[in-house]
Amino acid sequence: MQDTSTRTRLICSCEGTLPLTPEALGATGKPAHQLCRAQLDRFRDALGDFATVTVACTQEAPLFAEVARDDGFTGTLRFANIRETAGWSDQGAQATPKMAALLAMAEIAPTPYDIISLDSDGVTLILGRDEVALNAARDLSELLDITVLLAPGANVAPPRQTTWPVLQGRIGAAKGHLGAFELTVNAYAGPAPSSRKRLEFGPGRDGAVSRCDLVLDLTGNPPLFPHARPGYLRADPRDPAAVARLVAEAGQMTGTFDKPKYIDFTPSLCAHSRNTITGCTRCLSLCPAGAITTAGDAVSIDPAICAGCGQCAAACPTGAAAYAMPVVANVAGRLRRGLSAWFAAGGATAPVILLHDETHGADLIDASARFGRGLPAHVIPLPINEPTQIGPEIMAAALAWGAGGVRVLARARPAHPMDGMAETLDLMGVIGDAMGFIPGTCALIQTDDPDALEAALWQPAPALRAERSGFLPPEDKRGLLTLALTELNRTAPRQADRIPLAPGAPFGAVVLNTDSCTLCLACVGACPSGALGDNPDQPMLRFTESACVQCGICEATCPERAITLAPQIDLAAWAQPKRILKEEAPFCCTSCGKAFGTGSSIRRVMQKLEGHWMFTGADGAERRRLLGMCDDCRTQEVVIAGFDPHTPSP
């Protein structure tokens with residue numbers, strides 16, 4: 001019977017090509033020589049004895065999974081690549097700590113994520129400029145419901161039969177996604193039935209609307225959407241091979257299609273707006289797909305359009321937008337486990353973390369391992385979904401746990417701008433400089449060349465720092481960010497209590513002009529992060545600096561213009577949960593003695609009303625006296641006196 005409380009690691013030298021130290025890697029038994037073939041029984045035996053089996057091989061993962069399925073294994077299989085990422089290297093003999101880290105990281109289960117479904121009935125709009133569009137329509141006419149829209153001035157011969165609509169128009173606006181496109185068509189016109197040599201169209205009109213499931217763009221014009229969008233297929237009409245691929249792909253685009261929901265969004269945490277005052281717009285300015293729009297006090301992220309770059313999640317200061325493939329706590333947990341295993345296995349230097357995607361980045365690493373020097377022994381690769389999903393919380397946490405550097409690997413020509421990554425690296429550069437780290441401790445590597453990757457990574461290994469942290473990562477991003485920076489500062493080469501930052505940074509202080517502030521507390525009601533608070537028992541304005549995201553809503557809300565922002569990291573202030581910015585004794589009703597406001601607010605009201613017609617003349621003094629009363633006493637006094645407050649004083 002399977003032991004449900006145990007786990008094992010199976011390692012293999014891959015026919016003697018990997019130098020292995022099984023004791024340091026926590027492996028069970030002697031390393032295999034050919035686990036996937038001649039020694040497959042070792043794997044089968046482990047399935048009967050252990051609940052969790054980690055195999056140090058990804059090349060043969062499909063084979064191992066099939067064997068486990070055939071044997072009725074109900075436990076958990078994990079796979080780690082220690083060959084291309086560690087053993088196949090000029091420093092493979094020194095890669096034992098890295099192998100231990102890779103195995104440890106692989107044993108953390110990926111987090112589940114939601115799937116959204118997009119439905120397509122095959123209603124297709126083909127945009128074209130010449131016969132290429134008509135030929136594509138002919139090839140797809142038996143598979144899809146076709147309409148062709150030709151650009152004005154297109155010179156095409158009339159088809160012998162009208163088997164699908166051929167219209168004229170140009171796209172004025174486009175929105176939507178697979179199964180739900182809506183396009184505004186200008187210069188829209190139908191063809192003349194009497195067209196002879198070429199299709200002739202009648203007078204055009206603007207503002208026509210086309211709704212369809214698919215859009216095939218064969219115009220050769222710039223794309224309708226700035227980023228890849230499900231259901232929008234585009235090819236250069238001058239490239240027959242590209243057009244053929246588009247036709248083949250479009251022919252399969254009917255039915256229901258699943259798409260990952262890349263971003264988990266919590267509107268209540270969003271600091272975009274309050275009371276029609278705009279605050280944080282970081283994600284809006286970064287989204288390359290146009291998936292983010294304003295929606296009242298929060299933004300809205302359309303999961304059907306989102307392409308998963310993750311820049312919104314990396315930049316979001318509150319954690320309202322959180323990446324789901326995987327969640328940030330999972331990435332942090334793998335990093336912590338891997339770095340702990342590195343040092344436990346005898347790592348004598350500070351490793352460099354290499355964050356890369358599973359396609360481009362993994363391919364470069366494989367090419368380097370097979371044809372070049374491979375990765376240095378001190379570089380630990382960690383696959384993620386998108387390089388741009390990485391924010392400052394992951395970089396700071398990795399450094400705090402003992403990493404000597406962080407590298408993010410991306411394409412030389414990425415599919416979308418990387419402005420968010422540039423901002424993250426700039427922020428980490430300022431923080432690292434203040435804490436005594438060498439320049440470039442966190443850096444981006446943009447290349448499609450394995451040789452260039454090697455040149456960037458084969459540098460001297462960073463030295464160990466005197467101290468490293470072991471903190472457990474919180475589930476929420478903001479909590480991880482503040483804790484990681486606090487621990488990073490504690491273990492850094494040089495401690496920095498206060499670090500000035502550039503405007504737009506996700507941290508800072510609220511600077512209050514106490515002479516102008518009347519403690520009206522409008523800022524408290526507007527603050528989306530809870531950084532500003534009051535005291536129900538005393539007129540007081542309190543501030544929690546670690547929670548401030550510098551959205552600026554409080555500054556714009558304050559009627560007295562008493563608030564300014566100071567972007568900074570003040571770790572001493574972070575250690576104070578709530579700091580009192582201003583407090584006053586309550587103002588008591590001059591009639592009954594009940595507290596109902598503050599002296600500064602009452603004085604400010606009296607000052608603003610001085611000279612007003614309602615408070616001058618013979619009854620002016622009496623009416624001014626009412627301002628010092630609570631609502632109940634003021635109402636009672638007005639009724640007893642029997643005067644109309646809206647009547648001018650004699």
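Is Val-524 buried or exposed? In this predicted model, Val-524 has a relative accessible area of 17%, and because buried means under 20%, Val-524 counts as buried. The residue is part of helix H16, which covers residues 522–526. Beyond its sequence neighbours up to four places away, Val-524 touches Leu-532, Gly-533, Asp-534 and Leu-541. Cys-554 stands 30 residues from Val-524 in sequence, and the two C-alpha atoms are 7.7 Å apart in space.

From this one residue, the view can widen to the whole chain. The protein is built with 21 helices and 30 strands. Its C-alpha atoms occupy a box of roughly 105 × 85 × 50 Å along the principal axes. The radius of gyration is 33 Å, whereas a compact globule of 650 residues would have a value near 26 Å. Half of the chain is tucked away, in the sense that 50% of the 650 residues count as buried. Among contacts with a separation of 6 or more, 69% are between residues 24 or more positions apart.

The surface and the charges can be described in the same way. About 29700 Å² of the protein is exposed, and carbon and sulfur atoms supply 51% of that area. There are 56 positive and 68 negative side chains, and the centres of these two sets lie 3 Å apart.

Inside the protein, the nonpolar side chains come next. In soluble globular proteins, nonpolar side chains tend to be buried together. Here the largest nonpolar core has 70 residues, and the members that touch the most others are Met-395, Leu-485 and Ile-569. Leu-485 gives a good picture of such packing: leaving out residues up to four places away in sequence, its contacts are Ala-396, Ile-431, Met-435, Phe-507, Ile-569 and Trp-574. Another core, of 32 residues, lies apart from the largest one and includes Ile-116, Leu-118, Leu-134 and Ala-242.

Val-406 offers another look at the interior. Val-406 sits in strand E21, residues 405–410, and its relative accessible area of 2% makes it buried. Not counting residues up to four places away in sequence, Val-406 touches Met-395, one of the residues with the most partners in the largest core. The other contacts of Val-406 include Val-352, Ile-353, Leu-355, Ala-398 and Leu-399, along with Thr-441, Cys-442 and Ala-443. Gly-525 is 119 residues from Val-406 in sequence, with 40 Å between their C-alpha atoms.

After strand E21 the chain reaches Met-418, which is placed in the loop between E21 and helix H13 (419–434). How much of Met-418 is accessible, and does that make it buried or exposed? Its relative accessible area is 11%, so Met-418 counts as buried although it lies in a loop. With neighbours within four places in sequence set aside, Met-418 is in contact with Gln-311, Thr-388, Ala-410, Leu-444 and Gln-446. From Met-418 to Cys-520 there are 102 residues in sequence and 42 Å in space, C-alpha to C-alpha.

Asp-145 provides a contrasting case. This residue is found in strand E6, residues 145–150, and at 46% relative accessibility Asp-145 counts as partly exposed. Aside from residues up to four places away in sequence, Asp-145 touches Gly-122, Val-123 and Thr-124. Ile-301 is 156 residues away from Asp-145 in sequence, and their C-alpha atoms are 30 Å apart.

A few details of the backbone complete the tour. Which peptide bond is cis, with omega near -5°? It is the bond from Met-325 to Pro-326. Pro-326 belongs to the loop that connects strand E18 (321–323) with helix H10 (328–344). Positive phi values in residues other than glycine also appear. Glu-15 has phi near 60° and lies in the loop between strand E1 (7–10) and helix H1 (22–25). Ala-187 has phi near 55°, again a positive value in a residue other than glycine. Ala-187 is placed in strand E8, residues 181–189, and is buried, with a relative accessible area of 14%.

Methods: Residues are numbered from 1 along each chain as its sequence is written. This is a predicted model: local features need pLDDT of at least 70, side-chain atom pairs count only at pLDDT 80 or more; totals for chains, interfaces and linings use all residues. Side-chain values use heavy atoms; hydrogens and water are left out. A nonpolar core is a set of buried Ala, Val, Leu, Ile, Met, Phe, Trp, Tyr and Cys residues joined through side-chain atoms within 4.5 Å. Buried means under 20% relative accessible area, exposed over 50%, partly exposed in between (1.4 Å probe, protein chains only). Contact means heavy atoms within 4.5 Å. Helices (H or I, at least four residues) and strands (E, at least two) are DSSP runs, numbered from the N terminus. The radius of gyration is taken over C-alpha atoms; the globule rule is 2.2 Å times the number of residues to the power 0.38. Accessible areas come from the Shrake-Rupley method with a 1.4 Å probe; for residues, only the protein chains shown count as cover. Lys and Arg count as positive and Asp and Glu as negative; His and the chain ends are not counted. The place of a charge is taken as NZ of Lys, CZ of Arg, CG of Asp or CD of Glu.
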